[in-house]
Amino acid sequence: MKRRCGTLLILDPDEAGLRLFRSFDWNDGLFDVTWSENNEHVLITCSGDGSLQLWDTAKAAGPLQVYKEHAQEVYSVDWSQTRGEQLVVSGSWDQTVKLWDPTVGKSLCTFRGHESIIYSTIWSPHIPGCFASASGDQTLRIWDVKAAGVRIVIPAHQAEILSCDWCKYNENLLVTGAVDCSLRGWDLRNVRQPVFELLGHTYAIRRVKFSPFHASVLASCSYDFTVRFWNFSKPDSLLETVEHHTEFTCGLDFSLQSPTQVADCSWDETIKIYDPACLTIPA
């Protein structure tokens with residue numbers, strides 16, 4: 001039986017398209033990647049063998065360090081964005097979240113409480129030491145590193161939750177995307193019901209991201225092959241549907257430099273960088 005292998009591609013967009021700057025191989029599938037907030041050459045990936053890998057794109061060899069503590073696949077990894085701390089959080093199929101300082105060879109803390117696979121872990125861009133996690137147990141959970149435990153448990157969907165993200169403009173607002181094809185917004189000051197629900201996808205939502213430039217705009221990608229852009233403050237929330245993949249669309253993010261640029265990727269083995277029409281027109 002041939003073992004699955006993972007490849008980390010570092011791509012540099014230019015006028016001609018995407019240029020391959022560097023590639024790194026790993027002996028198992030790589031599921032997620034996160035850049036360091038204080039070193040543009042350093043990033044961390046996570047993989048199916050339960051490990052995290054620290055890479056330096058300025059060096060051809062790698063990884064610089066491997067962190068192997070999770071008992072099953074690591075599906076999510078995120079580097080803290082608030083100043084004054086350099087922490088990484090990882091979520092695994094072993095139902096645990098682990099906290100790492102990349103300069104330390106072992107985890108600082110393990111968070112337990114989820115009752116199924118953890119699909120998404122993401123730091124608050126506003127509150128130091130605070131992160132969210134989304135799981136197959138149908139809950140969104142908010143954690144506090146200082147308290148070493150869960151702050152809030154939100155039964156957000158009646159289905160597995162595959163993705164979550166924090167609003168860049170409101171420290172109390174998060175969004176979840178689930179197997180039930182819905183996106184739901186949550187205000188942490190009152191979590192009894194969602195503050196918005198966005199419907200339109202026809203298969204599970206794989207990833208959801210808030211725009212860093214528009215306070216009420218977000219994007220989602222799905223196993224229905226589409227990427228959809230939304231403005232949750234409008235009655236007709238769906239701004240645009242992009243259908244340029246021939247397989248499951250599984251990765252998505254907004255550019256931090258350009259207000260109109262988006263990147264996504266798919267099981268069809270293509271990466272697309274583009275400017276959707278809805279972001280080039282004033283919202």
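Trainee: How far is the sulfur of Cys-130 from the closest cysteine sulfur, and which residue holds that one?

Mentor: The closest cysteine sulfur belongs to Cys-164 and sits 11 Å from that of Cys-130, which is too far for a bond. Keep in mind that this is a predicted model. The general idea is that a disulfide needs two cysteine sulfurs within 2.5 Å.

Trainee: Is Cys-130 buried or exposed?

Mentor: Cys-130 counts as buried, because its relative accessibility is 1% and buried means under 20%.

Trainee: And what about Cys-265, which has the sulfur of Cys-250 as its nearest cysteine sulfur?

Mentor: Those sulfurs are 4.3 Å apart, and Cys-265 is in no disulfide. Cys-265 is partly exposed, at 27% relative accessible area. Over the whole structure, the disulfide count is 0.

Trainee: Let's try the surface. Which residues form the nonpolar patch?

Mentor: You look for nonpolar side chains within 5 Å of one another on residues with over 30% relative accessible area. Here, Leu-9, Leu-11, Leu-18, Leu-20, Ile-271 and Ile-273 make up the patch, together offering about 480 Å² of accessible area. Strands β1 (6–14), β2 (17–26) and β25 (271–274) each give two or more residues to it. Take Leu-11: this residue lies in β1 and is partly exposed, with a relative accessible area of 30%.

Trainee: Last one: in which sense do β21 and β22 pair?

Mentor: For pairing, you want at least two bridges between the strands. β21 (residues 227–231) and β22 (residues 238–242) have 4, in the antiparallel sense. One to look up is Trp-230, whose bridge partner in β22 is Leu-238. The connection from β21 to β22 is a hairpin of 6 residues.

Methods:
Residues are numbered from 1 along each chain as its sequence is written. This is a predicted model: local features need pLDDT of at least 70, side-chain atom pairs count only at pLDDT 80 or more; totals for chains, interfaces and linings use all residues. Side-chain values use heavy atoms; hydrogens and water are left out. Patches are made of residues with over 30% relative accessible area and no salt bridge: like charges are joined within 9 Å, nonpolar side chains (Val, Leu, Ile, Met, Phe, Trp, Tyr) within 5 Å. Accessible areas come from the Shrake-Rupley method with a 1.4 Å probe; for residues, only the protein chains shown count as cover. A salt bridge is a side-chain nitrogen of Lys or Arg within 4 Å of a carboxyl oxygen of Asp or Glu. Buried means under 20% relative accessible area, exposed over 50%, partly exposed in between (1.4 Å probe, protein chains only).
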